Amino acid sequence: MAAFKGPLRWGFFGAGKITMDFANVLGTLPKSQHIPLGIASRDSQRAKSFAEECGIQKSFESYRQLAEDPEIDIVYIGTVNSEHYSQAKLAMEHSKHVLIEKAICVTHWQCKDLIDTARKKGVFLMEGFWTNAFPATRKLLSEIRNGSVGDIIALTLEVGQDFGHLDRFRKKELGGGILLNHGVYGIMLSYILLGYPDVITATGHLSAEAGVDETVTLTLSYKDKACMSNVIMSSRALLAAEFRVHGTKGIAKLPFPFWAPQKCVMPQKTFTYEHPECGTLDSDRFNYKHAQGFIYEIEEVYRCISEGHQQSPFMPWDASLAVMQIADEARRQLGVTLPQDENGENN
């Protein structure tokens with residue numbers, strides 16, 4: 001992929017709350033680097049209203065129309081999990097770079113196909129695990145790799161909120177369940193620090209209504225490293241939302257809220273990072289707290305594309321593949337099947 005010069009002209013698939021936060025943050029960045037250009041939604045009137053509210057030049061009546069627009073360079077996908085695969089495929093087939101909210105899709109075979117498409121089309125593809133781009137997370141990973149906690153013995157994360165009433169958590173056809181919505185945070189951090197596990201063990205409780213995972217304990221065991229990762233997740237209750245690394249020299253952690261961390265706590269020192277300012281944009285306008293943290297992810301996307309990289313070292317393709325493969329196995333053990341499982345090739 002050739003290095004890119006000039007501003008990235010962004011298109012947006014979906015007109016939901018998270019996309020609005022992303023677009024609003026993007027709109028505060030230098031126009032020499034980023035231009036919010038187009039928005040598409042299944043509801044064309046909603047797309048038009050979104051464009052007017054967020055200062056976006058174009059609204060489209062379909063995702064295909066946006067994908068076909070030659071002025072769009074990159075597409076941000078903030079729709080429900082079940083739509084990620086088809087929408088990312090559409091965008092990349094039209095030679096657009098793509099940033100997809102986590103989870104990248106809902107199965108390993110979908111993830112592999114998206115990566116194969118990115119390679120074929122020579123475009124940038126990144127899963128939006130924004131946590132990886134925060135300075136506190138980068139510091140934690142750097143300190144651990146430099147031996148600040150010694151040998152890792154265990155990773156722990158408890159993540160959850162009372163979200164069971166939301167369609168994106170309770171409906172299979174939307175790629176619902178706590179695992180694909182929140183549990184993937186723990187899987188991702190585990191893979192980045194420890195690699196692929198030798199043993200995957202998932203236990204939990206499914207909803208009586210739809211049979212999606214509501215409360216799950218996922219244990220990843222690493223025999224050669226003599227360590228393990230334990231991720232407890234629930235869509236029925238608020239959990240601590242703190243990520244901890246237990247090592248032979250002490251404990252390191254990303255305190256609450258670990259997903260948008262402002263602190264990296266090491267055994268001997270705490271590093272604090274204030275969230276960035278978004279120009280004159282009032283943080284009260286955000287739908288989600290800490291949304292200004294999108295700046296870190298956006299900066300990483302721009303750096304990679306401007307330098308001609310197809311993937312980010314902070315969110316590499318192998319990590320996305322591993323997370324989906326582990327999630328597939330966890331769902332198999334839990335007895336959770338999704339419509340997309342039946343469509344996989346060689347999965």
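Here are three short exercises on the predicted model above, each with a worked solution.

Residues are numbered from 1 along each chain as its sequence is written. In this predicted model, local features need pLDDT of at least 70, side-chain atom pairs count only at pLDDT 80 or more, totals for chains, interfaces and linings use all residues, and side-chain values use heavy atoms, leaving out hydrogens and water.

**Exercise 1. Trace the six-stranded open sheet and find its edge strands.**

Step 1. Start with the terms: helices (H or I, at least four residues) and strands (E, at least two) are DSSP runs numbered from the N terminus, and two strands pair if DSSP finds at least two bridges between them.

Step 2. Follow the order, which is 3-2-1-4-5-6 with parallel pairing.

Step 3. Look for strands that pair on one side only: these are strand 3 (58-60) and strand 6 (125-128).

Step 4. Check strand 6 against strand 5 (residues 97-101): the two are joined by four bridges, and Ile-100 stands opposite Glu-127.

**Exercise 2. Describe the hairpin made by strand 8 and strand 9.**

Step 1. Locate strand 8 at residues 199-206 and strand 9 at residues 213-222; they pair in the antiparallel sense over eight bridges.

Step 2. Pick out a bridge: His-205 has Thr-215 as its partner in strand 9.

Step 3. Move to the turn, where six residues lie between the strands and Gly-211 has a positive phi of about 75 degrees.

Step 4. Now find Glu-209, whose salt bridge (a side-chain nitrogen of Lys or Arg within 4 Å of a carboxyl oxygen of Asp or Glu) is with Arg-170, at 2.8 Å between the closest N and O atoms. This pair links Arg-170 in helix 7 (residues 167-170) to the loop between strand 8 and strand 9, 39 residues apart.

**Exercise 3. Work out what the salt bridge between Glu-300 and Arg-138 ties together.**

Step 1. Take the distance, N to O: it is 3.7 Å.

Step 2. Place both residues: Glu-300 is in helix 9 (residues 294-306) and Arg-138 in helix 6 (residues 135-145), so the salt bridge ties together parts 162 residues apart in sequence.

Step 3. Judge accessibility, where buried means under 20% relative accessible area, exposed over 50%, and partly exposed in between (1.4 Å probe, protein chains only). Glu-300, at 4%, is buried, while Arg-138, at 29%, is partly exposed.

Step 4. Compare another pair: Arg-331 and Asp-328 form a salt bridge at 3.2 Å, N to O, and both are buried.
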